Amino acid sequence: PIERLISRLFKPGAHGRLHFLQFDEMQAALNRTVVFAPSSSRHEFTGSAALNNWMVRSIAGPDVYRLPLGGVELEHLRRAERQLDRFAIVLPLANMSLLPAMLFLRYGKCVQALPPDTAQTNGGHSASSETIRAQKERALQNGEFMGSLWWHNALDLRLYESAQRLFHRRLWKGIDSLTPSQRRTAAACASLAQALAARN
């Protein structure tokens, strides 16, 4: 969750500025409940909620999402965990390589390969991108800012760990429940080799 936030917060925008929020806005949103003026470029960064247990807020529902800074508590984490358990597939991004296995277990379809990553990156060395990199580095070295970011996202970190446990529990349970015929089909699907080998 913290890596996701940092990656999103320091997405380059135009003219050496950050795409979503500027650093002073981030700091303000982590110190008091802030709601920013509507903007087409803000996306999920509408205020403090985006920097304070955003995943718990988003999954637990609108009433939780609208809570003030610091208002998300353990009961809301539990609600988000119960909601996760209702999802057909829970796939943390770190486990994306196992998507074919999950699709096979859920739908019986063999996906031989994931589509190529088509994400566009801004990896140039323009003055603008250098400015953004410098801002990001300063933020990462700012103990007060990073401490606040971790503090205000502690429940998101716990939700991510719950999602990981749920993902692996379902994966292993699905593999263990395969019939001999299904196992032969799975063995012929190259993209499932990783999951099957890990379980055997």
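**Entry 1: the pocket**

How many nonpolar, polar and charged residues are in the lining of the largest pocket? I looked this up before anything else, keeping in mind that the model is predicted. By class I get 14 nonpolar residues, one polar and four charged. The space in this pocket comes to about 560 Å³. I listed the lining and got 19 residues, and the closest to the pocket centre are Pro 1, Arg 4, Met 55, Leu 93 and Tyr 160.

Next I asked which elements give two or more residues to that lining. They are α1 (2-9), α3 (54-60) and α9 (154-176). Helix α1 gives the most, with five residues.

**Entry 2: overall layout**

I stepped back to the whole protein. I find 11 helices and zero strands. Reading along the sequence, I write the pattern down as α-α-α-α-α-α-α-α-α-α-α. The protein has 200 residues, and 38% of them are buried.

I also checked how contacts spread along the chain. Taking contacts between residues at least 6 apart in sequence, I find that 58% join residues at least 24 apart.

**Entry 3: the nonpolar cores**

Which residues have the most contacts inside the largest nonpolar core? I noted Leu 9, Leu 21, Met 26, Phe 45, Leu 51 and Leu 149, in a core of 22 residues. The elements that give this core two or more residues are α1, α2 (23-29), α7 (127-140) and α8. Its largest share, four residues, comes from α1. I had already met α1 as the helix that gives the most to the pocket lining.

There is also a second, separate core, with 13 residues. Ala 60, Val 72, Leu 159 and Leu 166 are among them.

**Entry 4: Leu 149**

I picked Leu 149 out of the big-core list for a closer look. It is in helix α8, residues 143-151. Is Leu 149 buried or exposed? Its relative accessible area is 0%, so I put it down as buried. Leaving out residues up to four places away in sequence, I find Leu 149 touching Ile 2, Leu 5, Ile 6, Leu 30 and Leu 51. Leu 51 sits 98 residues away from Leu 149 along the chain, yet their C-alpha atoms are separated by 7.1 Å.

**Entry 5: helix α9**

I went back to α9, one of the helices that line the pocket. It has 23 residues. From its first C-alpha to its last it reaches 33 Å, which I compared with the expected 33 Å at 1.5 Å a residue; the two are close.

Which residues of α9 are buried? My list reads Leu 155, Asp 156, Leu 159, Ser 162, Ala 163, Gln 164, Leu 166, Phe 167, Leu 171, Gly 174 and Ile 175. Two names on it, Leu 159 and Leu 166, I had already written down for the second core.

**Entry 6: Phe 10 and Arg 8**

Phe 10 is in the loop between α1 and α2. Its relative accessibility is 6%, so it counts as buried. What does Phe 10 contact, leaving aside its neighbours within four places in sequence? I found Leu 18, Phe 23, Met 26, Ile 132, Gln 135, Lys 136 and Ala 139. I also took a C-alpha distance to Arg 133, which is 123 residues away along the chain, and got 8.0 Å.

Arg 8 belongs to helix α1. At 26% relative accessibility I have to call Arg 8 partly exposed, because buried would need a value under 20%. Arg 8 and Leu 21 lie 13 residues apart in sequence, and I get 9.5 Å between their C-alpha atoms.

**Entry 7: two loop residues**

Asn 53 caught my eye on backbone angles. Its phi is near 50°, a positive value in a residue other than glycine. I noted the background beside it: most residues other than glycine have a negative phi. Asn 53 is in the loop between α2 and α3. Its relative accessible area is 4%, so I marked Asn 53 as buried.

Where is Cys 110? I located it in the loop between α6 (99-107) and α7. With a relative accessible area of 38%, Cys 110 is partly exposed. Thr 185 is 75 residues from Cys 110 in sequence, and in space I get 8.6 Å, C-alpha to C-alpha.

Key. Residues numbered from 1 in each chain as written. Predicted model: local features only at pLDDT ≥ 70, side-chain atom pairs only at ≥ 80, totals over all residues. Heavy atoms only, no water. 1 Å grid on protein atoms, 1.4 Å probe; cavity = no way out; pocket = protein on both sides within 12 Å on 5 of 7 lines; lining within 4 Å. Points joined across faces, edges and corners; volume = space filled by probe spheres on them. Nonpolar A, V, L, I, M, F, W, Y, C, P; charged D, E, K, R; others polar. Buried < 20%, exposed > 50% of the residue type's maximum accessible area, 1.4 Å probe, protein only. Contact = heavy atoms within 4.5 Å. Core = buried A, V, L, I, M, F, W, Y, C linked by side-chain atoms within 4.5 Å. Expected span 1.5 Å × (residues − 1).
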